Amino acid sequence: MTTVAFESRRLPPRVADPLRARLRTAHRTAPFSAADPREAVRRAATVAAELGLTGTVYRGGLDLRGSEVDHVWLDVDGHVVDVAFPLFVAEFVAVLRDFVAGHVAAGDLAAVAALAGVEARVLGEFPPPLRYRGCPVWSARRQQERPDPR
């Protein structure tokens, strides 16, 4: 499986607006946690599916330009949807770098992330110079390999 490097790209308004609204509601009900990105991506995939969008869970690296964190995120038509990490909050990115270096605990990371709403999270666009690179998770690859039953 080839590694995909994602570009920061704006989601089309017909997708972005309803997705953002549903994710806001989900976040108000139970905040997306930076300490549990797998749960966050599962919830985001469920929200996307409810809107008729196809999402693929990717696993790989979030390149912080100086350090890299092993991470999971959702790909919706070539756009990154990452509700676990509020990357538009500079303080969070600084704490994330410290977390990768082993200087802070996951709880500290989660506490900083909890202060941010969905608007600070990645819905297609992400701040430069950060980069996402990865491959579909094993279960998604298996789905892609299965022959069409028609």
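**Strand pairing and helix packing in the predicted model**

Strands β2 and β3 are paired in the antiparallel sense, with nine bridges between them, in a structure that is a predicted model. Within this pairing, Gly-61 stands opposite Asp-70 of β3. The two strands, β2 and β3, form a hairpin in which four residues lie between them, and Arg-65, in the turn, has a positive phi of about 60°. Of the nine residues of β3, seven are buried, so that this strand is largely enclosed by the rest of the structure.

Strand β3 is also joined to β4, which spans residues 79–82, and here three bridges link the strands in an antiparallel arrangement. Leu-74 has Val-81 of β4 as its bridge partner. A hairpin is again formed, with two residues between β3 and β4, and in its turn Asp-77 adopts a positive phi of about 50°.

Strand β2, which covers residues 55–63, is further joined to β6 by six bridges, and these strands run antiparallel. In this pairing Tyr-58 is placed opposite Pro-136 of β6. Strand β6, comprising residues 131–136, pairs in addition with β1, residues 4–6, in the antiparallel sense and over three bridges. Here Val-4 stands opposite Gly-134 of β6. As background to these pairings, the side chains of a regular strand alternate between the two faces of the sheet.

Turning to the helices, α3 extends over residues 90–100, and Phe-92, Val-93, Val-95 and Leu-96 within this helix are buried. These four residues lie on the same side of α3, because the arc that they cover around the axis is only 165°. On the other side of the helix, Ala-90 and Glu-91 are exposed. In general terms, an α-helix has 3.6 residues a turn, so residues three or four places apart point the same way. The buried residues of α3 are covered by elements that include strand β2, strand β3 (residues 68–76) and helix α4 (residues 106–114). Just after α3, a positive phi of about 85° is found at Gly-102.

The packing of α3 against α4 can be described further. The two helices pack at an angle of about 170°, and their axes are 9 Å apart. Helix α3 is therefore roughly antiparallel to α4, since angles over 145 degrees are counted in that class. From α3, the contact is made by Glu-91, Phe-92, Val-95, Leu-96 and Phe-99, while α4 contributes Ala-106, Asp-108, Leu-109, Val-112 and Ala-113. Eight of the residues in this contact are nonpolar and two are charged, whereas none is polar. Phe-92, Val-95 and Leu-96, which take part in this contact, are also among the buried residues of α3, while Glu-91, likewise part of the contact, is exposed.

A further position concerns helix α1, which spans residues 13–29 and includes Pro-18. Pro-18 counts as partly exposed because its relative accessibility is 31%. Leaving aside neighbours within four places in sequence, Pro-18 is in contact with Pro-13 and Leu-51. The C-alpha atom of Pro-18 is separated by 9.3 Å from that of Ala-48, a residue 30 residues apart from Pro-18 along the chain.

Terms used:
Residues numbered from 1 in each chain as written. Predicted model: local features only at pLDDT ≥ 70, side-chain atom pairs only at ≥ 80, totals over all residues. Heavy atoms only, no water. Pairing = 2+ DSSP bridges. Buried < 20%, exposed > 50% of the residue type's maximum accessible area, 1.4 Å probe, protein only. Arc of directions from axis to C-beta. Contact = heavy atoms within 4.5 Å. Axes fitted to C-alpha atoms, helices over the stretch in contact; angles between N-to-C directions. Parallel < 35°, antiparallel > 145°, perpendicular 65-115°, else oblique. Nonpolar A, V, L, I, M, F, W, Y, C, P; charged D, E, K, R; others polar.
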